[in-house]
Amino acid sequence: MSIKEQAENWLKERYKDMKISEYEEKAQATAIYPDTYKITYPALGMAGEAGEVANKVKKLIRDGAEGMADDWKEQLASEIGDVMWYCAALARDLDVSLTTIMAANLDKLKARQERGTLGGSGDKR
Ligand SMILES: [Mg+2]
């Protein structure tokens, strides 16, 4: 088993049954921004990290997978994790749980699917 596989297995074992609420608590434990910047700080951080995701995907388009680092998928996944951390922080600052946000999003998309409006644009379709 490679070192990468061993690391993945260790992570899976360590967090295998982690609930979203546990993730929120663990993320909270690493939040160090001042209360003055609640909402603003995580919103800006989320945009910045989403930009890092976009930049890596841009480079994938430009250079192709063969031109990327061998671990480009892991790097991209890591950036997704950074986005997730800011999602948790922003949700907490809004006093709404990630679970609630995720469930509401799924409900919204299911309703759009049922109405045949998954495609198209507009927040209220
Ligand atoms: Mg990042």
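Read along the sequence, this protein chain goes α-α-α-α-α. That is five helices and zero strands. Helices here are DSSP runs of H or I with at least four residues, strands are runs of E with at least two, and numbering starts at the N terminus.

A word on the source. This is a predicted model: local features need pLDDT of at least 70, side-chain atom pairs count only at pLDDT 80 or more, and totals for chains, interfaces and linings use all residues. Residues are numbered from 1 along each chain as its sequence is written.

So, confidence. pLDDT is the predictor's confidence in each residue, on a scale from 0 to 100. The chain has a mean of 94, and 100% of its residues reach 70 or more. Among the elements, helix 3 has the highest mean, 98, and helix 1, residues 3-15, has the lowest, 85.

Next, overall form. The C-alpha atoms fill a box of roughly 45 × 35 × 30 Å along the principal axes. The radius of gyration is 18 Å, where a compact globule of 125 residues would be near 14 Å. That radius is taken over C-alpha atoms, and the globule rule is 2.2 Å times the number of residues to the power 0.38.

How much of the chain is buried? Of the 125 residues, 6% count as buried. The cut-offs: buried takes 20 or more other C-beta atoms within 10 Å of a residue's own, exposed takes 12 or fewer, partly exposed is in between, and C-beta atoms are placed from the backbone.

Contacts next. Two residues are in contact if their C-beta atoms, placed from the backbone, lie within 7 Å. Take the contacts with a separation of 6 or more: 67% of them join residues 24 or more positions apart.

Now to helix 4, residues 72-93. Its 22 residues should span 32 Å at 1.5 Å a residue, and its end C-alpha atoms are 32 Å apart, which agrees. The expected span is 1.5 Å times one less than the number of residues.

Which residues of helix 4 are buried? They are Y86, C87, A88, A89, L90 and A91. These six also make up the largest nonpolar core. Such a core is a set of buried Ala, Val, Leu, Ile, Met, Phe, Trp, Tyr and Cys residues joined through C-beta atoms within 7 Å.

What do they pack against? Helix 2 (20-28), helix 3 (40-63) and helix 5 (98-115). Look at L90: leaving out residues up to four places away in sequence, L90 touches I39, P42, A43 and M46.

Then the pair L44 and Y86. They are 42 residues apart in sequence, yet 8.7 Å apart in space, C-alpha to C-alpha. L44 sits in helix 3. L44 counts as partly exposed because it has 14 C-beta neighbours inside 10 Å.

Two loop residues deserve a look. I39 lies in the loop between helix 2 and helix 3. Its phi is positive, about 70 degrees, although I39 is not a glycine. I39 has 12 other C-beta atoms within 10 Å, so it is exposed.

D95 is in the loop between helix 4 and helix 5. D95 is not a glycine either, and its phi is positive, near 60 degrees. With 6 C-beta neighbours inside 10 Å, D95 counts as exposed.

Last, back to helix 1. None of its 13 residues is buried, so to speak of cover, there is hardly any. Its expected span is 18 Å, and its end C-alpha atoms are 18 Å apart, which agrees.
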